[in-house]
Amino acid sequence: MPARRGLRAAREAGALLDRLASRYGYRLVATSRLFDWQLRDDGAAHGTSALSPEASAYLRRGHPRLRELAARYAAADAAVTTATVWTDAYVSDDDLRCFRGDNAYVWQVRHVAEVQYALVAYYLKTLDRHGLLERLEEDGAFGAFTFGVDGRLVSRDLLDSVSELLFLDRHLGLATRAGLRVLDVGAGYGRLACRAAAALDGLGHYYC
């Protein structure tokens with residue numbers, strides 16, 4: 001009997017809180033009714049793939065090459081180099097080591113379900129007449145989140161790249177052009193360049 005009274009009291013309290021929350025556009029839902037991906041803590045910033053000692057030693061704010069680049073930027077016009085988000089206070093060594101992780105540049109797991117990765121992957125397979133999804137691989141390096149779909153690892157990096165390459169091929173015949181030269185303005189960390197080099201047999205040069 002005491003257990004039943006406690007359960008009833010918990011339900012009544014939950015119903016009261018739910019009514020209060022609904023006034024502000026929220027609802028209370030029992031965790032037993034949620035999927036695993038809905039229970040995941042979106043605070044995770046990156047995947048768990050280990051970095052090589054060489055990569056860890058290079059990707060740090062005190063590296064001489066990064067200091068050289070910072071000095072070159074500092075000498076340029078502040079009107080075009082002053083950061084609004086990626087300031088020194090905002091970026092950590094972890095951001096450098098895991099630059100393919102979930103961050104302010106691109107979200108991977110925040111408000112996104114694993115099933116959405118699967119849906120995108122299967123949709124791209126219906127368009128992928130060059131077999132890019134089969135040719136390109138994902139290793140999860142540098143913090144990228146990976147998900148198993150149809151026996152292969154996929155990531156946002158991979159799916160975005162395949163989608164963009166297929167779009168460019170539809171409009172420019174990218175996959176069948178020999179000696180192709182590409183100028184990618186704002187190439188980020190070179191995601192599309194890396195995928196294009198692996199997938200396009202006729203690629204000549206890719207400038208980032």
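Which backbone oxygen does the side chain of Gln108 reach, and at what distance? The exercises below start from this contact.

The model is predicted, so local features are given only at pLDDT of at least 70 and side-chain atom pairs only at pLDDT 80 or more, while totals for chains, interfaces and linings use all residues. Residues are numbered from 1 along each chain as its sequence is written, and side-chain values use heavy atoms, with hydrogens and water left out.

**Exercise 1. Describe the surroundings of Gln108 and Arg100.**

Step 1. The side chain of Gln108 reaches the backbone oxygen of Arg100 at 2.5 Å, and the side chain of Gln108 also reaches the backbone nitrogen of Phe145, at 3.0 Å. Polar contacts of this kind are pairs of N or O atoms within 3.5 Å; within protein, one atom must be able to donate a hydrogen and the other to accept it, and residues adjacent in sequence count only if both atoms are side-chain atoms.

Step 2. Gln108 lies in the loop between H6 and H7, and the place of Arg100 is in the loop between helix H6 (93–97) and helix H7 (114–127). Helices (H or I, at least four residues) and strands (E, at least two) are DSSP runs, numbered from the N terminus.

Step 3. Gln108 is buried, with a relative accessible area of 4%, and Arg100 is buried with a value of 9%. Here buried stands for under 20% relative accessible area, exposed for over 50%, and partly exposed for the range in between (1.4 Å probe, protein chains only).

Step 4. The side chain of Arg100 reaches the backbone oxygen of Ala141 at 2.8 Å. Not counting residues up to four places away in sequence, Arg100 touches several residues, among them Gln108, Phe142, Asp157 and Arg195, where contact means heavy atoms within 4.5 Å.

**Exercise 2. Work out how H9 packs against H10, and how H7 packs against H9.**

Step 1. Two packed helices are described by the angle between their axes and the distance between the axes. The axes are lines fitted to C-alpha atoms, for helices over the stretch in contact, and the angles run from 0 to 180 degrees between N-to-C directions.

Step 2. The axes of helix H9 (residues 156–172) and helix H10 (residues 191–199) come within 10 Å and cross at roughly 65°. That makes H9 roughly perpendicular to H10, given that 65 to 115 degrees counts as roughly perpendicular, under 35 as roughly parallel, over 145 as roughly antiparallel and the rest as oblique.

Step 3. The crossing of H9 and H10 is right-handed; a crossing has this hand if the near helix is turned clockwise from the far one by less than a right angle, and is left-handed if anticlockwise.

Step 4. In H9, residues including Asp157, Glu164 and Leu168 take part in the contact, and in H10 they include Arg191, Arg195 and Ala199. By class, this contact of H9 with H10 has six nonpolar, one polar and five charged residues, with Ala, Val, Leu, Ile, Met, Phe, Trp, Tyr, Cys and Pro counted as nonpolar, Asp, Glu, Lys and Arg as charged, and the others, Gly among them, as polar.

Step 5. H7 and H9 pack at an angle of about 25°, with their axes 11 Å apart, and are therefore roughly parallel to each other. Their crossing is left-handed, and the contact of H7 with H9 has eight nonpolar, one polar and two charged residues.

**Exercise 3. Locate two residues other than glycine with positive phi, and relate one of them to Ala55.**

Step 1. Phe142 has a phi near 55° and is found in the loop between H8 and strand E1 (147–149), where Phe142 is partly exposed, with a relative accessible area of 25%.

Step 2. Asp150 has a positive phi of about 55°, and its place is in the loop between E1 and strand E2 (152–154). Asp150 is partly exposed, with a relative accessible area of 48%.

Step 3. Ala55, found in helix H3 (residues 53–58), is buried with a relative accessible area of 15%. Ala55 and Phe142 are 87 residues apart in sequence and 9.0 Å apart in space, C-alpha to C-alpha.
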